[in-house]
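Q: Could you take me through one part of this model in close detail? I am in my first year, so please keep the sentences short.

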Amino acid sequence: MTELFVARLRTRLIVPVLAFIALWGCALSITRYSIPEEMEEGSFVANLATDLGLDVRSLVQRSAKLDVIHSKNYLDINKETGELIIREKIDRESICMTKTTSCFLKMDVILENPIRIFNIELEIMDINDNAPLFRRKTMHLDISEATPPGERFSLTNAVDADVGANSIKTYYLSESKYFNIDIQTGSDGSKYVDLVLSGNLDREEHSVHNLILTAVDGGVPPRSGTASIVINVLDINDNAPLFSQPVYAVNVSENSAAGTVVMTLNATDLDEGTNAQLVYSYTLYTSEKTQELFSLDPNSGEIKVKGVIDYEESQSFEMHIQAQDRGANPLSGHCKVLVNITDLNDNYPEVTIKSVKSSLREDVAVGTLIAVISVRDRDSGGNGEVELILNQEKSLPFLLNKSSEGYFELLVSKPLDRELISKYDITLRVTDKGSPPLSENETISLEILDINDNAPMFPQSFYTIHVVENNLPGALLTSLSAHDPDLNENQYLVYFIMEKEIVNTSMSMLFSINPENGDLYALKTFDYEREREFLFHIEARDSGVPPLSSNVTVHIIILDQNDNTPLIVSPWRAQGSVVEEVIPRSTDKGHLVAKVIAIDADSEQNSRVTYQLLQITDSTLFSLDQYNGEIRTTRMFSYRDPRVQRLVIVAKDNGQPSLSATVTIKISTVEHVLSFSETTELPIEYDYFTDLNLYLVIGLGAVSFLLLITILVIIVLKCQKPKPKAIKIPPANRNSVISRNSMISQRSSTIADSTLISSDAYWYSLFLAETRKGKVVVRQPIIPKGAGYFVSSIPRSIGPSETTDSRASTLEVRMYEVVAADKSDERQHIFFFFFFFGGGGGAVKG
């Protein structure tokens, strides 16, 4: 078994070795090609099928492939044509890093079935695709100006990646009279260059030299590269400091402050660095006195005043100064400075104030002495002559009066007013006549003391204040602040109301004012319907001695609020009752059924009353005029219409929010009707009612009954006419008409205008009287409390008042007299009824 295994192993080793030997024999032949670098992709190199003796078709069948050894795959085989082509651009310098002339790219062409290998060497030939390049673009050299000609300086050489003729061939230097180059060739053929100094350098003439070094290769066309050479010439101390002039003259004023710059020396040295750094100093020829009065800065050469310079002591100074550099072998330069002292007006005039007053009352007399001033100047000549003036003298109430040589008096020239200016800063200016003149200022502070010479002043003389009625008691109305320009107690004000009585009522009961700040308050609630305005005075008084005061007029106007509900006065009805009206069914279209009249105690828009139908049985039968309250028929009655119609009418004012009142009218239709309004009895009881009075009333009732029957007959006759007319009652001779006062007339005018009252219909329905059962009965509307109704007993005859056809602009007071007489008693009781509208309702027994 062991021998068999060894035999098989030998067989397996011999077969591969023989196959390798056979393949090696097939690859012994080498094919070489040469191409230049940088060929484009797809460029033709050679026809491998032809050169290797292969059939083009076998390249595909035998899976021909190209294996590049130790490099990228730059080439490829076109299996259809058998051509070797460039797959990627080839850069010789990246393949062959060394500076060798030969550069080969080795590869194998491998065929399978059977395996066959062809060795190919591709020589990459160099082209001039790289320009010379300096490792340093700028080279700096420092050369002393003392360097002798012929000195050599090494420069950085340029490199070129190309080889052979394409490498660096020579160098060129830009034109210079001080430098040239020497080119050396190394053992490997590299070119080196040295810089050679060809002339003497002078830093003061030319401190920096800029040269351009150019390297050129031998390619066709040639390429080049450049580098800059910057040569700094180093200085040597070969120049001494130099002043611009040997002698300087300068003027300095006496009493110049310490630190005043006299002049600045500026010597120059053409060297540089420490060779040009200068140090200034006094020489031994400069006196110690001069060095004590003037300082010399060793670095800047600045000469300053150090001590006190007095012209009277010395008129000029002489300085000897040298400038020395800091070189190894220092050099120096010298100059002389002459300082001339200029005399000045160096003494200021002096002002002395004596007997000065710090305060004055504003009522002092003109000519009052404030202060005595003396002036002097220690200088002589024109510098010692002085002039004293008062600054802004025209605007000040003061003047200077020269009393003697060098003495002046400060006096009051105009009346003083502390309220205009309370403090003065009086500036006195004294000036000498020197050149330039010197001056001195002195200020006197003068305070003006106050006196009580100003009365309090209100911003305006008349105040109008509007107050809405129903205000809260204690409400702030306004603030009346007066101003007093005085001070302290002369400025403290007290406010009070100047007493004035209105209807036995003092103003202080209606209004109150804060005595300290002038805040005005209302002490009561105002009612526009009773009080319209107030006019009084408020006085402001200061606390001076004697006190001064002023007053202002205050006009309080009460503004109306919509706080009164409209009052329906016609048709009148008892509280909660329904007004009944009877009309014939034969009434024509447009017939006046009733007229609703409402009054409002408010004013203007709050008293404008309009009327609206709130409920109606048949809306097609009646219409209501919203302005005058007239209810008229809109058509004739038909047999289908109910005999009783119910209307609810609302009277609404124009206030915000509006108030209203309603009345219910029940209208009954009959075939024939007597137009007589039903009255409501309002009994007026007598204080003393006896049997005699009862008989008197019964007799009066009988007479009145006969009178009513007669009136009813007349009304029926009138109603039967096609166009009925209103009944006019003849006037009675003894009736008197009392006009309302101005306030009532104004309010009545407003009512009449807003409701369009017809005087005849209104007053006839309102004041028709009758007597029943011994009582005097009058028709009276429901009127709020407070109206002025009066009943008095005066002997008169009975008679109604005359009415007018026109619409009344003012309501007149109607007076009716009723007389009842008893045959057994000769006494007569006569009642006068005065009706005043605009305030409320009520009857006063008389």
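The answer below starts with a small sheet and then turns to some loops and a helical span.

A: Keep in mind that this is a predicted model. Start with the sheet. It is an open sheet of 3 strands, in the order S43-S47-S46. The pairing is antiparallel. Two strands sit at the edges: S43 (592-595) and S46 (622-624). Each of these edge strands pairs on one side only. Neighbouring strands of the sheet are turned against each other by 20° on average, with direction ignored.

What holds strands together in a sheet? Strands pair through backbone hydrogen bonds, and the pairing can be parallel or antiparallel.

Now look at one pair. S43 and S47 (residues 630-633) pair in the antiparallel sense, over 3 bridges. One residue pair to find is Lys595 and Glu630: Glu630, in S47, is the bridge partner of Lys595.

Next come the loops. Two of them hold a proline after a cis peptide bond. Take Pro114 first. The peptide bond from Asn113 to Pro114 is cis, and its omega is near -5°. Pro114 lies in the loop between strand S6 (104-111) and strand S7 (116-125). Then go to Pro221. The bond from Val220 to Pro221 is cis, with omega near -5°. Pro221 is in the loop that runs between strand S15 (208-217) and strand S16 (224-234).

Two further loops hold a residue with positive phi. Asn255 has a phi near 60°, a positive value in a residue other than glycine. Asn255 belongs to the loop between strand S17 (247-253) and strand S18 (261-264). Is Asn255 buried, exposed or partly exposed? Its relative accessible area is 38%, so Asn255 counts as partly exposed. Ser355 also has a positive phi, near 50°, and is not glycine either. Look for Ser355 in the loop between strand S24 (350-354) and strand S25 (359-361). Ser355 counts as exposed because its relative accessibility is 58%, and the cut-off for exposed is over 50%.

Finish with the helical span. An unreviewed UniProt entry lists residues 694-717 as "transmembrane region". That label comes from the record. What does the model show for residues 694-717? The span is 100% helix and 0% strand. The C-alpha atoms at its ends lie 35 Å apart.

To retrace the route, begin again at the sheet with the order S43-S47-S46. Then visit Pro114 and Pro221 in their loops. Go on to Asn255 and Ser355. End at residues 694-717.

How values were computed: Residues numbered from 1 in each chain as written. Predicted model: local features only at pLDDT ≥ 70, side-chain atom pairs only at ≥ 80, totals over all residues. Heavy atoms only, no water. Helix = DSSP H or I, 4+ residues; strand = E, 2+ residues; numbered from the N terminus. Buried < 20%, exposed > 50% of the residue type's maximum accessible area, 1.4 Å probe, protein only. Pairing = 2+ DSSP bridges. Axes fitted to C-alpha atoms, helices over the stretch in contact; angles between N-to-C directions. UniProt positions renumbered as here; feature names shortened; annotations may be inferred.
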